[in-house]
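This report looks at a few local features of one protein chain, taking strand pairing before helix packing, a buried acidic side chain and the cysteines. Please view the sequence and the structure together while reading.

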Amino acid sequence: MKQKLSQILFSQGFGTRRLCAGLVWHGEVSVNGEVVEEPDTEFETQGLRFTVNGQEWPCFDKALVLLNKPAGYECSQKPKHHPSVLSLLPAPLRERGVQPIGRLDEDTTGLLLLTDDGTLIHKLTSPKHHVPKVYEARCKHPLTPAMVEQLLAGVELKEPESKPPGKFQRPPEISKAEGAEIVDETLLRLTLIEGKYHQVKRMVAAVGNRVEALHRPQFGALTLSPDLKPGEWRWIGSPTEVWGQ
């Protein structure tokens with residue numbers, strides 16, 4: 001589908017319609033290596049790549065990016081104690097309203113997906129779609145085969161101390177790992193399909209241990225590349241990369 005260049009820039013988060021037209025008028029936008037100075041010039045959006053102020057951008061109807069989350073950032077648009085992970089992204093992505101798909105605690109590191117596609121957020125966070133997330137938990141005490149067996153069978157989660165009690169008594173909350181293995185004496189690799197509040201920490205606590213550090217190296221079929229440093233991000237071209245299709 002063809003669209004005017006100013007409309008394309010607007011849809012990709014480069015500001016108001018007037019500001020996007022101004023970027024074109026001032027010669028700050030190029031397509032296929034050529035500066036375009038008429039905002040109403042039309043281009044096919046499928047597969048389009050354009051450059052704004054020397055930086056190349058792909059055109060996507062819906063944005064989907066992978067961030068290597070460092071410690072000390074909150075997965076919130078309105079953080080309380082630490083900066084938001086959104087501050088690690090460029091302004092156009094923030095302008096178009098990308099949100100984290102699920103949340104990692106401020107002290108948890110690793111693979112975080114963000115998108116402006118609400119339907120995709122629902123699919124990837126709903127347990128019924130069975131999207132695996134892999135976590136590596138460095139524990140305080142040595143791990144045992146009995147702990148792994150408990151995690152695979154299912155454990156009862158206690159309410160975290162940081163979560164205020166509700167007015168009514170809640171039924172027991174049971175969580176079961178899809179996969180659990182001991183990597184070394186105190187390193188546990190855990191695979192989950194749910195996304196409950198502080199889930200890994202609460203599951204490990206339920207078997208008599210404690211998480212000292214937590215990292216997520218995998219979400220669905222996506223794995224965190226060692227080339228992507230903490231705080232860096234990259235585009236995901238299609239949601240099918242998450243599903244592994």
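## Pairing around β15

In this predicted model, R138 stands opposite A213 of strand β15. That pair belongs to the register between β10 and β15, which run antiparallel to one another and are joined over 6 bridges. β15 also pairs with β9, in this case in the parallel sense and over 2 bridges, and within that pairing G110 has R216 of β15 as its bridge partner.

A further pairing links β15 to strand β16, residues 222-223, through 2 bridges in the antiparallel sense, with F219 standing opposite L222 of β16. The hairpin formed by β15 and β16 has 2 residues between the strands, and G220 there adopts a positive phi near 60 degrees.

## Helix α6 and its packing

Helix α6 spans residues 199-206, and its buried residues are Q199, V200, R202, M203 and V204. These buried residues pack against both strands and a helix: the strands are β10 (133-139), β11 (155-157), β12 (173-175), β14 (187-192) and β15 (211-219), while the helix is α5 (145-153). β10 and β15, which pair with each other in the antiparallel sense, are thus among the elements that α6 packs against. After α6 comes G208, which has a positive phi, near 85 degrees.

## The surroundings of D116

D116 lies in the loop that connects β9 (109-115) with α4 (118-125). With a relative accessible area of 18%, D116 counts as buried because this value falls under the 20% cut-off.

The side chain of D116 makes a polar contact of 2.8 Å with the side chain of R96, and it also reaches the backbone nitrogen of A63 at 2.8 Å. When neighbours within four places in sequence are set aside, the residues in contact with D116 are K62, A63, R96, G97 and V98.

## Cysteines without a disulfide

How many disulfides does the structure hold? The number is 0, and the separation of C20 and C59 is consistent with that count. The cysteine sulfur closest to that of C20 is in C59, at 12 Å, and the two sulfurs are therefore too far apart for a bond, given that a disulfide requires sulfur atoms within 2.5 Å. Seen from C59, the closest cysteine sulfur is likewise that of C20, at 12 Å.

Both cysteines are buried, C20 with a relative accessible area of 0% and C59 with one of 12%.

Methods. Residues numbered from 1 in each chain as written. Predicted model: local features only at pLDDT ≥ 70, side-chain atom pairs only at ≥ 80, totals over all residues. Heavy atoms only, no water. Helix = DSSP H or I, 4+ residues; strand = E, 2+ residues; numbered from the N terminus. Buried < 20%, exposed > 50% of the residue type's maximum accessible area, 1.4 Å probe, protein only. Polar contact = N/O pair within 3.5 Å; in protein donor to acceptor, adjacent residues only side chain to side chain. Contact = heavy atoms within 4.5 Å. Pairing = 2+ DSSP bridges.
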